[in-house]
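Reader: Could you walk me through the labels used for this fold, and where each one comes from?

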Amino acid sequence: MKRAEPPPLTAAQRELMEIFWQHGEATVSQVREQLQDQGRSIARNTVQTMIVRLEEKGWLQHRKQGRTFVYSAVRERKRSLGVKVSQLVDRFFAGSPEDMVNALIEHRGLTSEESQRIRKMIQDAELDSGSSSNVADNPSSKRGRRRGKQS
């Protein structure tokens, strides 16, 4: 059975998750130290409460090391971001990645370096997927069905 996606993260929860994604695993004390190193002074009990809530929501898991709980992310950062971007495209751009990219270019703009890196990512993705499995040309794909494209 497929695991349901956890609820969205608040800004403070995302800050904690970035620590777990960067370090792999950490104790409450280690997370608090990381936050202090970033200039955030938070009480240990507050950090512990936030971590417990993240675990309850399915973002973290723990293992026992002696009497200490060592926490780690349940989902990889890349996967978590991918799911959120997919939801963003579906919700705000009616499932159209092209509209999302267009909005990004028109309203934020891209540096020439960003543009070059994005072109390379697209080329790499096209090479990985092969020309015969192009999503836009595949009527059995989600995007193909949504837009009613036929091959």
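Author: Happily; here is how the labels follow from their definitions. This is a predicted model, where local features need pLDDT of at least 70, side-chain atom pairs count only at pLDDT 80 or more, and totals for chains, interfaces and linings use all residues. Residues are numbered from 1 along each chain as its sequence is written, and side-chain values use heavy atoms, without hydrogens and water.

Reader: Why is α1 called roughly perpendicular to α2?

Author: Helix α1 (residues 11–23) packs against helix α2 (residues 28–37) at about 110°, with the axes 10 Å apart. Angles of 65 to 115 degrees count as roughly perpendicular, so α1 earns that label against α2.

Reader: Which residues of α1 and α2 meet?

Author: From α1 come Glu15, Leu16, Ile19, Phe20 and His23, and from α2 Val31, Gln34 and Leu35; contact means heavy atoms within 4.5 Å. By class, five of these residues are nonpolar, two polar and one charged.

Reader: What makes β1 and β2 edge strands?

Author: The open sheet has three strands in the order β1-β3-β2, paired antiparallel. β1 (25–26) and β2 (60–65) each have a single partner strand, so one side of each has no neighbour in the sheet.

Reader: How do you know that β1 pairs with β3?

Author: Pairing requires at least two bridges found by DSSP, and two bridges join β1 to β3 (residues 68–73). Ala26 stands opposite Tyr71 in β3.

Reader: Which helix lies across β2 and β3?

Author: That is α3 (residues 44–56), running at about 115° to β2.

Methods
Axes are lines fitted to C-alpha atoms, for helices over the stretch in contact, and angles run from 0 to 180 degrees between N-to-C directions. Helices (H or I, at least four residues) and strands (E, at least two) are DSSP runs, numbered from the N terminus. Angles under 35 degrees count as roughly parallel, over 145 as roughly antiparallel, 65 to 115 as roughly perpendicular and the rest as oblique. Ala, Val, Leu, Ile, Met, Phe, Trp, Tyr, Cys and Pro count as nonpolar, Asp, Glu, Lys and Arg as charged, and the others, Gly among them, as polar.
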